[in-house]
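Subject: Structure handover

Hello,

Please find the structure below. My notes on it follow.

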Amino acid sequence: MISRTEFANQLTTAYERLYDLVYLRTHPLADLFVPDPTLSRKDKAWRLHHLLIEVIEELDPGPHAPVFSREWRRHRLMVLRYIDGLDPQSVADQLAISRRHFYREHEAAIEAIASILWQRYVEQPSMGAQPRQAAREPTSPSRLELLRLEAARLNQANRYTSLSEVLQGAVQLVGEMARQKGVKVQMGLGESPPGVGMDRSLLRQLLLEALSYLVEHLASGEIQVSVTQNKDCVRLSLQGRGTRTPKPPAQAGEEEVRLKMLQELAEVQQAQIRFVASGQEITGFELELPNALPRTILVVDDNADVLRLFQRYLSQHHYQVVTAQTSAEAIELAQKLQPYAITLDLMMPDQDGWDVLQTLTNQPQTRHIPIIVCTVLSARELALSLGAALFLEKPVTEQALLSALEALS
């Protein structure tokens with residue numbers, strides 16, 4: 001029987017190669033988590049991949065958990081590292097922790113997931129292993145339902161995502177699988193690929209699903225990726241060309257589920273996907289992605305230098321900055337503009353920031369707007385208890401401000 005330590009180590013290696021489906025075919029956890037002997041190694045790898053993604057969401061402490069709490073941070077770390085695909089330093093920067101702290105939190109997060117899966121598949125294997133027919137019947141609706149729930153949680157505000165960054169990351173993740181099959185990915189992104197109005201995680205998953213589908217169905221050849229922009233949307237084309245891998249008839253049901261997943265991933269973010277076919281085979285995908293709208297940030301501070309500084313920090317990251325130097329102006333603009341978020345200084349003339357905080361968090365038309373308190377005062381606990389979403393001590397760095405805004409997504 002596998003030891004608990006070895007089990008956690010195997011989980012780590014599986015996550016490190018999460019998007020290498022060829023590698024996952026022979027991973028020890030594939031047989032442990034998917035014991036059905038009638039399934040092919042390819043099917044087992046696909047199911048292991050999805051199980052490892054889905055179990056990350058079991059770490060989510062829920063919308064009422066304090067941002068930057070230990071539970072929130074470990075869930076967010078796993079999302080950033082393995083769903084968003086950021087490198088360790090980028091994750092540490094997003095979470096405002098050191099590289100050493102990242103590795104400690106990463107180990108704790110893996111241990112938390114190991115505890116969930118150990119009980120499910122080792123101590124009480126009946127919880128994870130179901131008869132083949134019973135497990136296959138609800139595959140499509142259960143996956144789609146989980147996807148809808150996650151999309152509803154994520155799709156709460158106008159979003160901006162760098163298409164170039166996400167696309168290049170997705171291509172890198174499927175790169176090993178493509179190289180092993182002799183498939184090249186040719187990128188034609190132009191000089192300045194546009195941003196799109198989609199959640200980064202969902203866009204990334206959509207691109208990974210589409211690219212891995214095309215790679216799996218090619219024995220050799222290439223995938224051509226091109227991007228064009230027009231007034232209404234961003235058009236992304238993924239076209240597979242070359243020698244195709246024969247598709248066993250038994251996989252028809254799984255193919256249908258995967259194509260439905262692609263449609264659902266697109267539709268929940270107001271995108272459109274069209275399947276390009278040659279005969280009975282899907283050879284490519286044409287996607288229409290919504291153009292990004294800038295998110296409005298209301299910066300409230302009586303110091304003109306701080307207003308200019310925050311303007312410089314945010315304008316280059318697709319935020320639209322509106323400023324207010326008095327409490328009355330801040331309340332009026334918050335009601336009128338309904339910004340994505342508000343940064344609020346506490347030391348204001350006349351009516352101070354404490355009054356503004358209480359007014360905005362108690363009025364029905366503004367209490368849903370996240371407020372980030374930015375101050376030299378040591379008043380974190382009080383600010384959070386009065387309704388602030390986050391607390392930043394001045395001087396506020398660009399990375400700290402951007403990380404705080406990202407945490408609201």
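A residue is called buried when its relative accessible area is under 20%, exposed when it is over 50%, and partly exposed in between (1.4 Å probe, protein chains only). By that scale Arg235 is partly exposed, at 35%.

Before the rest, two remarks on the source. This is a predicted model, in which local features need pLDDT of at least 70 and side-chain atom pairs count only at pLDDT 80 or more, while totals for chains, interfaces and linings use all residues. Residues are numbered from 1 along each chain as its sequence is written, and side-chain values use heavy atoms, with hydrogens and water left out.

Salt bridges

A salt bridge here is a side-chain nitrogen of Lys or Arg within 4 Å of a carboxyl oxygen of Asp or Glu. The whole structure has 15 of them. Helices (H or I, at least four residues) and strands (E, at least two) are DSSP runs, numbered from the N terminus.

Arg235 forms a salt bridge with Glu288, with 2.4 Å between the closest N and O atoms. Glu288 belongs to strand 7 (residues 281-290) and Arg235 to strand 5 (residues 233-244), so this pair ties together parts that are 53 residues apart in sequence. Glu288 is also partly exposed, at 31% relative accessibility.

Another salt bridge joins the side chains of Glu111 and Arg4 (2.7 Å, N to O). Glu111 is in helix 7 (residues 99-123) and Arg4 in helix 1 (residues 4-16), so parts that are 107 residues apart in sequence are tied together by the pair. Both are partly exposed: Glu111 has a relative accessible area of 36%, and Arg4 has 24%.

Lys260 and Glu256 make a salt bridge too (3.4 Å, N to O). These two are 4 residues apart in helix 13 (residues 252-267), a separation of about one helical turn. Lys260 is partly exposed at 34%, and Glu256 is partly exposed at 45%. Elsewhere, Asp31, Arg41 and Lys44 are joined into one network by salt bridges that share partners.

Nonpolar cores

In soluble globular proteins, nonpolar side chains tend to be buried together. A nonpolar core is a set of buried Ala, Val, Leu, Ile, Met, Phe, Trp, Tyr and Cys residues joined through side-chain atoms within 4.5 Å. The largest one in this model has 105 residues, and those with the most contacts inside it are Leu11, Tyr15, Phe33, Met78, Phe285 and Leu289. Helix 12 (residues 200-216) gives the most to this core, contributing 10 residues.

Which residues does Phe33 contact, leaving aside its neighbours within four places in sequence? With contact meaning heavy atoms within 4.5 Å, the partners of Phe33 are Phe7, Leu11, Leu48, Leu51, Leu52, Leu117 and Tyr121. A second, separate core has 23 residues, among them Leu298, Ala334, Met348 and Ala379.

Two sheets

Two strands pair if DSSP finds at least two bridges between them. For the angles below, axes are lines fitted to C-alpha atoms (for helices, over the stretch in contact), and angles run from 0 to 180 degrees between N-to-C directions.

One open sheet has 5 strands in the order 2-4-5-7-6, with mixed pairing. Its edge strands, each paired on one side only, are strand 2 (183-188) and strand 6 (272-278). From one strand to the next the twist averages 15°. Strand 5 and strand 7 run antiparallel and are joined by 7 bridges; Ser237 has Glu286 in strand 7 as its bridge partner. Helix 10 (residues 163-173) packs on this sheet, touching strand 2, strand 4 (218-229), strand 5 and strand 7, and its direction makes about 170° with that of strand 2. Helix 12 packs on the sheet as well, touching strand 4, strand 5 and strand 7, at about 165° to strand 7.

The other open sheet has 5 strands in the order 9-8-10-11-12, with parallel pairing. Strand 9 (319-324) and strand 12 (390-393) are its edges, each pairing on one side only. Strand 10 (residues 341-344) and strand 11 (residues 371-375) run parallel and are joined by 3 bridges, and Thr343 stands opposite Ile372 in strand 11. Helix 14 (residues 304-315) packs on this sheet, touching strand 8 (295-300), strand 9, strand 10 and strand 11, and its direction makes about 170° with that of strand 9.

Regards
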